[in-house]
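This briefing goes through a two-chain model by topic. It covers the chains, their interface and a few backbone details.

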Amino acid sequence: MGMTITEKILAKHAGRDRVTPGENVWVDVDILLTHDVTGPGTISIFKKEFGEKAKIWDNDKVVVIPDHYIFTEDQHAKRNVEFLRSFAHEQDIENFYDVGTPRYKGVCHVALPEEGFARPGEVLFGTDSHTCTAGAFGEFATGIGNTDAAFILGTGKLWVKIPSTARFVFDGEMPDYLMAKDLILKIIGDIGVDGASYQAMEFAGDAVQSLNIEERMTLCNMVIEAGGKNGVIAPDDRTVEYVKARSRKAFTPVQNDTDAVFASERKYDASKLRPMVAKPHSPENAEPAENLSDVKVDQVYIGSCTGGKLTDFIAAARILNGRKTAVDTFIVPATTDVAKGLLEKKIDGKPLRTIFEEAGCRIGNATCGACLGGPDDTFGRLNGEEICVSTTNRNFPGRMGSKKSQVFLASPLTAAATAVTGKITDPRKYLA
Amino acid sequence: MTITGRVYVVGDNVDTDQIIPARHLVYNTHSPEERKLFGKYAMSGVPDEESGLPNGGIKFVNEGSYESEFYIVVGGKNFGCGSSREHAPLALQVAGVKAVIAQSYARIFYRNSVDGGFLMPLESVDNIHKSFSTGDHAVIDLGNNSITNSTTGESFNLRSLGDAADIVNAGGIFSYARKIGMIKAVVSANV
Ligand code: SF4
């Protein structure tokens with residue numbers, strides 16, 4: 001009986017020939033990622049358990065990317081970054097992307113692959129639930145808490161329960177009005193927010209392989225919203241090319257055995273799907289955008305690790321080019337590289353940034369921003385009873401600020417079309 | 001071993017932003033003064049109408065207080081979904097919670113509760129949150145894997161902790177790793 005990609009990676013990192021879903025194994029960790037919200041707590045636990053003078057297991061394998069509460073006057077938030085700074089200094093952590101320096105990057109899940117730390121076949125843990133994003137590179141990547149991360153800092157190991165793999169196959173051609181966000185919202189709508197609890201979710205099929213790397217990241221980013229442990233996409237030439245251009249390290253792509261056993265398989269025809277929206281207050285409240293055309297909105301937010309990559313802004317600009325926004329529209333690039341891309345990438349000779357400015361959008365700095373609400377002075381935060389269409393990944397009560405606000409999740413295309421009309425709008429309206 | 005106390009009842013899919021809203025994540029978990037704030041704001045993100053079911057509108061932690069009068073939280077399925085923030089089980093622990101009973105958990109919350117030794121995440125066999133009213137008195141019998149609603153007299157089965165029991169009983173991943181000799185080996189290898 002063969003193994004899946006996830007099983008093969010975990011078996012190798014546990015020093016075993018094979019593993020079976022359900023068993024617990026200790027695995028060796030290739031990369032530990034942390035940021036400003038969960039990093040300080042992790043460091044405190046590490047010091048408490050291993051001693052004030054303890055050294056981390058491998059300073060080359062720890063990546064520290066402050067991104068959450070950066071452009072705020074909140075003193076606690078500033079102190080947390082300072083905490084990371086002194087730890088990075090003390091432990092000689094070179095992979096620290098400090099705030100206020102040219103190295104500052106922004107949202108960790110997008111910055112991590114940009115900097116070459118997401119590699120096929122590896123095991124990545126991060127103190128953030130969306131660490132699963134990196135499954136797009138054919139690696140095992142999942143989120144953990146501070147205690148587990150502190151354990152890794154001291155030992156380089158962690159126990160994992162081997163997940164079974166649920167497979168989602170998208171065949172057919174991706175229509176140009178559809179994005180990865182629509183696919184994942186469709187899945188979560190079908191299986192529910194706990195539909196893949198404790199499982200690996202593998203995405204396959206022609207439509208998935210046709211997606212660029214950033215779109216694949218969007219798919220894997222939201223597996224956690226279905227309760228999944230990790231997302232995975234079999235690495236192909238596109239993956240290898242992307243990683244080779246960025247990583248300093250060699251890597252070995254891992255594929256499913258031909259007789260690998262999957263816990264379940266769902267098939268979709270991508271060419272038949274419609275743009276999807278998740279209504280408040282759960283990502284599983286999926287509904288085709290065209291059914292919600294009477295919902296008036298107050299704000300549109302395009303950003304985050306899910307919907308703030310260059311691909312997302314290119315999509316939004318396709319619609320906003322030459323049009324005006326009818327409601328407050330916030331553009332928040334995930335990373336400084338994406339922000340640079342807004343200046344460099346052009347449509348009809350116009351940089352994306354110019355297109356957004358002419359449309360009347362407000363453009364912010366590279367950070368998590370209002371995706372998780374954050375301190376009161378956060379750019380784009382919902383402070384009252386606003387109704388917002390957002391390209392982020394969660395619409396739980398109060399996720400983007402006020403408990404009274406309402407968030408509809410959508411693709412950047414749908415978000416941009418909505419910005420133009422002020423009502424939830426199927427992007428096909430503007431994509432002839 | 002038993003755990004007794006009054007219960008606070010919530011529904012399905014209580015996420016980590018409800019358990020501890022993101023704006024409060026900035027406090028230092030290791031400063032005694034600031035740590036108390038996690039207790040103060042525990043469950044403060046739950047919408048009012050779902051705060052303390054069946055009627056709602058019941059504060060988990062009273063105004064001006066840092067601890068809850070409820071030691072047991074009863075929820076439905078997928079408790080603790082959302083972010084990986086360990087501040088969630090920590091906030092419940094600081095507020096005084098000893099156990100959560102839910103039909104199922106989001107895995108990171110479950111793992112954090114166990115590995116950090118914050119509280120017991122116990123699974124009920126059935127979705128039992130509708131059989132409790134906030135304020136009811138309950139007794140959890142860990143030997144028998146059951147919870148009894150002393151107010152109504154009804155009892156319900158809980159699942160056994162399974163392979164998490166070793167870590168729960170040790171009090172978290174660090175004590176467990178010391179017990180099996182794993183950490184000691186690592187520390188001495190470093191010197
Ligand atoms: S952008 Fe949002 S979802 Fe992504 S890491 Fe930041 S807060 Fe989390």
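How many helices and strands does the secondary structure of chain A come to? Chain A has 14 helices and 19 strands. The model is predicted. The secondary structure of chain B comes to seven helices and seven strands.

**Chain A: overall form**

- Chain A has 432 residues and a radius of gyration of 21 Å, which agrees with the value near 22 Å for a compact globule with that number of residues.
- Along the principal axes, the C-alpha trace of chain A spans about 55 × 55 × 40 Å.
- Of the 432 residues in chain A, 66% are buried.
- Contacts in chain A between residues at least 6 apart in sequence join residues at least 24 apart in 75% of cases.
- The exposed area of chain A is about 14500 Å², and carbon and sulfur atoms supply 47% of that area.
- Chain A carries 51 positive and 59 negative charges, and the mean positions of the two sets are 1 Å apart.

**Chain B: overall form**

- Read from the N terminus, the order of elements in chain B is β-α-α-β-α-β-α-β-β-β-β-α-α-α.
- The radius of gyration of chain B is 17 Å, close to the 16 Å given by the globule rule for 191 residues, so chain B is as compact as a globular protein of that length.
- The C-alpha atoms of chain B fill a box of roughly 60 × 40 × 25 Å along the principal axes.
- Buried residues account for 59% of the 191 residues of chain B.
- Among the contacts in chain B with a separation of 6 or more, 66% are between residues 24 or more positions apart.
- Chain B exposes about 7500 Å², with 47% of this area supplied by carbon and sulfur atoms.
- The 16 positive and 20 negative charges of chain B have mean positions 7 Å apart.

**Interface between chain A and chain B**

- On the chain A side, 53 residues are in contact with 49 residues of chain B.
- About 4000 Å² is buried between chain A and chain B, and carbon and sulfur atoms give 55% of this area.
- Of the area that chain A buries against chain B, 14% is supplied by A:Trp159, A:Tyr198 and A:Lys403, more than by any other three residues.

**Surroundings of B:Gly80**

- B:Gly80 sits in the loop of chain B between strand E2 (72-74) and helix H3 (87-94).
- The relative accessible area of B:Gly80 is 2%; because the cut-off for a buried residue is under 20%, B:Gly80 counts as buried.
- Beyond its neighbours within four places in sequence, B:Gly80 has contacts with B:Val14, B:Thr16, B:Ile19, B:Ala106 and B:Phe109.
- B:Lys98 is 18 residues from B:Gly80 in sequence, and the C-alpha atoms of B:Gly80 and B:Lys98 are 16 Å apart in space.

**Cis peptide bonds**

- Most peptide bonds are trans.
- The peptide bond that joins A:Pro280 and A:His281 is cis, with omega at about -5°.
- A:His281 is placed in the loop between strand E11 (276-278) and strand E12 (286-288) of chain A.
- In chain B, the peptide bond from B:Leu53 to B:Pro54 is cis, and its omega is near 10°.
- B:Pro54 belongs to the loop between helix H2 (32-40) and E2 of chain B.

**Positive phi outside glycine**

- Most residues other than glycine have a negative phi.
- A:Ser304 has a positive phi, near 85°, and is a residue other than glycine.
- The location of A:Ser304 is helix H10 (residues 304-307) of chain A.
- Is A:Ser304 buried or exposed? A:Ser304 is buried, at 1% relative accessible area.
- B:Asn145, also a residue other than glycine, has a positive phi near 50°.
- The loop between strand E5 (137-141) and strand E6 (146-149) of chain B holds B:Asn145.
- B:Asn145 has a relative accessibility of 26% and counts as partly exposed, because partly exposed covers values between under 20% for buried and over 50% for exposed.

Key: Residues are numbered from 1 along each chain as its sequence is written. Chains are lettered from A and ligands numbered from 1 in the order in which they are written. This is a predicted model: local features need pLDDT of at least 70, side-chain atom pairs count only at pLDDT 80 or more; totals for chains, interfaces and linings use all residues. Side-chain values use heavy atoms; hydrogens and water are left out. Helices (H or I, at least four residues) and strands (E, at least two) are DSSP runs, numbered from the N terminus. The radius of gyration is taken over C-alpha atoms; the globule rule is 2.2 Å times the number of residues to the power 0.38. Buried means under 20% relative accessible area, exposed over 50%, partly exposed in between (1.4 Å probe, protein chains only). Contact means heavy atoms within 4.5 Å. Accessible areas come from the Shrake-Rupley method with a 1.4 Å probe; for residues, only the protein chains shown count as cover. Lys and Arg count as positive and Asp and Glu as negative; His and the chain ends are not counted. The place of a charge is taken as NZ of Lys, CZ of Arg, CG of Asp or CD of Glu. Buried area is the accessible area (1.4 Å probe) that two parts lose on being put together, summed over both.
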